[in-house]
Amino acid sequence: MSYIDGFVVPVPKDKIEAYKQMSLACGAIWKEYGALEYRETIGDDVPAGKVTSFPQSVNLLEGEVVAFSWIVYESRARRDEVNEKVMKDARMASYMQPENMPFDGKRMIYGGFEMLIDL
């Protein structure tokens with residue numbers, strides 16, 4: 001079964017294009033090293049909740065939108081191999097610098113997930 005890395009990040013609306021360009025470059029690197037899928041989405045119908053919500057999870061500010069993203073791998077072991085290569089790739093260095101990120105990386109939520117159901 002597949003393994004998924006998931007991400008939720010706040011993106012300033014005026015930086016969506018920069019986020020898209022960064023994601024296209026990074027996604028190509030992940031795929032080059034063996035990721036099966038690389039998906040980026042921008043919130044369209046993401047209401048603020050009273051108890052929990054995507055906006056609350058990243059402390060969404062005025063002028064920002066939630067991005068929900070995921071990367072699919074064939075297994076956890078393969079994910080670990082791919083991520084090790086990606087993090088060492090010189091093309092990723094500038095994207096890892098907080099001042100170059102088109103979002104606040106301190107408010108990013110991420111984690112690895114085992115596939116439970118795959119229909």
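**Exercise 1.** What radius of gyration would a compact globule with 119 residues have, and what does the protein chain have?

*Solution.* Before we start: this is a predicted model, where local features need pLDDT of at least 70, side-chain atom pairs count only at pLDDT 80 or more, and totals for chains, interfaces and linings use all residues. Residues are numbered from 1 along each chain as its sequence is written, and side-chain values use heavy atoms, leaving out hydrogens and water.

- Step 1: take the globule rule, 2.2 Å times the number of residues to the power 0.38, with the radius of gyration taken over C-alpha atoms.
- Step 2: for 119 residues, a compact globule comes out near 14 Å.
- Step 3: the protein chain has 15 Å, which agrees.
- Step 4: for the outline, the C-alpha atoms fill a box of roughly 40 × 35 × 20 Å along the principal axes.

**Exercise 2.** Work out the order of helices and strands along the chain.

*Solution.*

- Step 1: count the elements as DSSP runs, with helices being H or I of at least four residues and strands E of at least two, numbered from the N terminus.
- Step 2: that gives three helices and four strands.
- Step 3: read along the sequence, they follow β-α-β-α-β-α-β.
- Step 4: now look at contacts (heavy atoms within 4.5 Å). Of those with a separation of 6 or more, 81% come from residues 24 or more positions apart.

**Exercise 3.** Find the salt-bridge partners of arginine 107 and say how exposed each residue is.

*Solution.*

- Step 1: set the cut-off. A salt bridge needs a side-chain nitrogen of Lys or Arg within 4 Å of a carboxyl oxygen of Asp or Glu.
- Step 2: arginine 107 meets glutamate 64 at 2.6 Å, N to O. Arginine 107 lies in the loop between α3 (76–88) and β4 (109–114) and glutamate 64 in strand β3 (residues 64–73), so the pair ties together parts 43 residues apart in sequence.
- Step 3: aspartate 104 also bridges to arginine 107, at 3.0 Å, N to O.
- Step 4: sort by relative accessible area (buried under 20%, exposed over 50%, partly exposed in between; 1.4 Å probe, protein chains only). Arginine 107 is buried at 15%, glutamate 64 is buried at 12%, and aspartate 104 is partly exposed at 28%.

**Exercise 4.** Which residues are joined into one network by salt bridges that share partners?

*Solution.*

- Step 1: a search of the whole structure finds 10 salt bridges.
- Step 2: through shared partners, Asp5, Arg76, Arg79 and Asp80 join into one network.
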